[in-house]
Amino acid sequence: MVAATVGLRGLSLCTLSLPILRSAKIKLPLHSFPTSRSLKPLFSPYNPTILRGFPSFCASPDVNVEATATAPPATEAENSQSADDIKNAANLLDIRVGRIIKAWRHDEADSLYVEEVDVGEPEPRIICSGLVKYMPLDLLQDAKVVVLANLKPRNMRGVKSCGMLMAASDASHETVELLMPPDGTIPGERIWFGTEDDKDSQPEPATANQVQKKKIWESVQPHLKTDASCTAMLGEYLMQTSAGAVVCKSLKNANIS
């Protein structure tokens with residue numbers, strides 16, 4: 001009597017007769033089932049047969065790819081929201097009018113100046129700037145400047161730098177010019193973006209830790225540029241003081257950092 005059964009390791013002989021199998025309408029395969037050793041590659045999600053014939057739970061279905069390719073462009077509201085997010089982030093920066101009291105060459109770094117800057121606080125701040133290559137030292141003495149004041153202090157070759165002088169630069173970074181607040185501004189005045197209404201709604205600046213943790217400066221800086229009249233802009237918003245807009249000397253459509 002010949003008989004067969006299905007096991008994990010393929011077809012094997014047992015005590016069931018062929019007539020019983022015929023009555024149960026079981027059709028014997030022409031070849032054996034895969035062995036347990038071969039099951040793993042068969043059911044791999046990267047098996048070509050699986051990918052062609054069955055949906056995979058390990059990869060996005062084709063319909064999602066098609067939907068992504070044909071997704072509608074961003075609406076004006078979405079673009080506007082993005083611009084609003086950038087402006088809201090910029091409003092958390094503590095950008096102030098400053099005046100350089102004195103400046104000198106860093107003793108340990110040939111590329112750095114060290115400036116003592118009045119930003120409206122009881123004591124002046126010490127700020128290091130990599131400007132030696134771009135401007136003579138006497139240009140800094142008693143200059144009105146724009147200071148980003150809520151960055152975390154950095155040790156620069158033994159000097160603790162507490163802020164950053166903001167400047168415009170051309171695309172090749174061969175020419176650099178300091179941003180200049182207009183006459184009539186006073187050290188410590190906070191600078192804002194937009195109109196007088198924007199000034200009135202300006203929030204308190206973020207702490208230096210928040211600026212670092214949330215990467216606020218990194219999110220805002222790429223959107224700061226000068227326009228065709230050398231005026232400092234955040235997108236379409238003017239960089240403003242109580243006496244007018246912030247400018248640079250001659251660089252048009254330049255990056256600001």
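Me: Contact here means that heavy atoms lie within 4.5 Å of each other. Leaving aside neighbours within four places in sequence, with which residues is Leu93 in contact?

Reply: The model is a predicted one. Once the neighbours within four places in sequence are set aside, the contacts of Leu93 are Leu148, Asn150, Arg190, Pro205, Val211, Ile216, Trp217 and Val220.

Me: Which residues touch the most other members of the largest nonpolar core?

Reply: In soluble globular proteins, nonpolar side chains tend to be buried together. The largest nonpolar core in this model has 28 residues. At least two of its residues come from each of α5 (76-90), β3 (95-105), β6 (144-148), α8 (216-220) and β14 (232-234). The members that touch the most others are Leu93, Ile95, Met166, Leu179, Leu224 and Met239.

Me: How many residues does the second, separate core have?

Reply: Leu140, Ala143, Val147 and Ala167 are among the members of this second core, which is separate from the largest one. Its number of residues is 17.

Me: What is the order of the strands in the open sheet of five strands?

Reply: The pairing in this open sheet is antiparallel. Its edges are β5 (125-129) and β9 (164-165), each of which pairs on one side only. Read across the sheet, the order is β5-β4-β3-β6-β9.

Me: Which residue in β5 is the bridge partner of Tyr113?

Reply: Strand β4 covers residues 113-118 and runs antiparallel to β5, with five bridges joining the two. Within β5, Tyr113 has as its bridge partner Ser129.

Me: Why does Cys128 form no bond with the closest cysteine sulfur, and in which residue is that sulfur?

Reply: A disulfide requires two cysteine sulfur atoms within 2.5 Å. The sulfur of Cys128 is 9.0 Å from the closest cysteine sulfur, so the pair is too far apart for a bond. Cys128 itself is buried, at 8% relative accessibility. The closest cysteine sulfur belongs to Cys162.

Me: How many disulfides does the structure hold?

Reply: A second case is Cys248, which is buried with a relative accessible area of 3%. The closest cysteine sulfur to that of Cys248 is in Cys230, at 4.7 Å, and is therefore too far for a bond. For the structure, the number of disulfides is zero.

Me: What percentage of the residues in the protein chain is buried?

Reply: The protein chain has 257 residues, and its secondary structure comes to eight helices and 17 strands. Its accessible surface is about 16300 Å², with 56% belonging to carbon and sulfur atoms. To count as buried, a residue must have under 20% relative accessible area. The buried share of the residues is 33%.

Terms used: Residues numbered from 1 in each chain as written. Predicted model: local features only at pLDDT ≥ 70, side-chain atom pairs only at ≥ 80, totals over all residues. Heavy atoms only, no water. Pairing = 2+ DSSP bridges. Helix = DSSP H or I, 4+ residues; strand = E, 2+ residues; numbered from the N terminus. Buried < 20%, exposed > 50% of the residue type's maximum accessible area, 1.4 Å probe, protein only. Areas by Shrake-Rupley, 256 points an atom, 1.4 Å probe, with all protein chains shown as cover. Core = buried A, V, L, I, M, F, W, Y, C linked by side-chain atoms within 4.5 Å.
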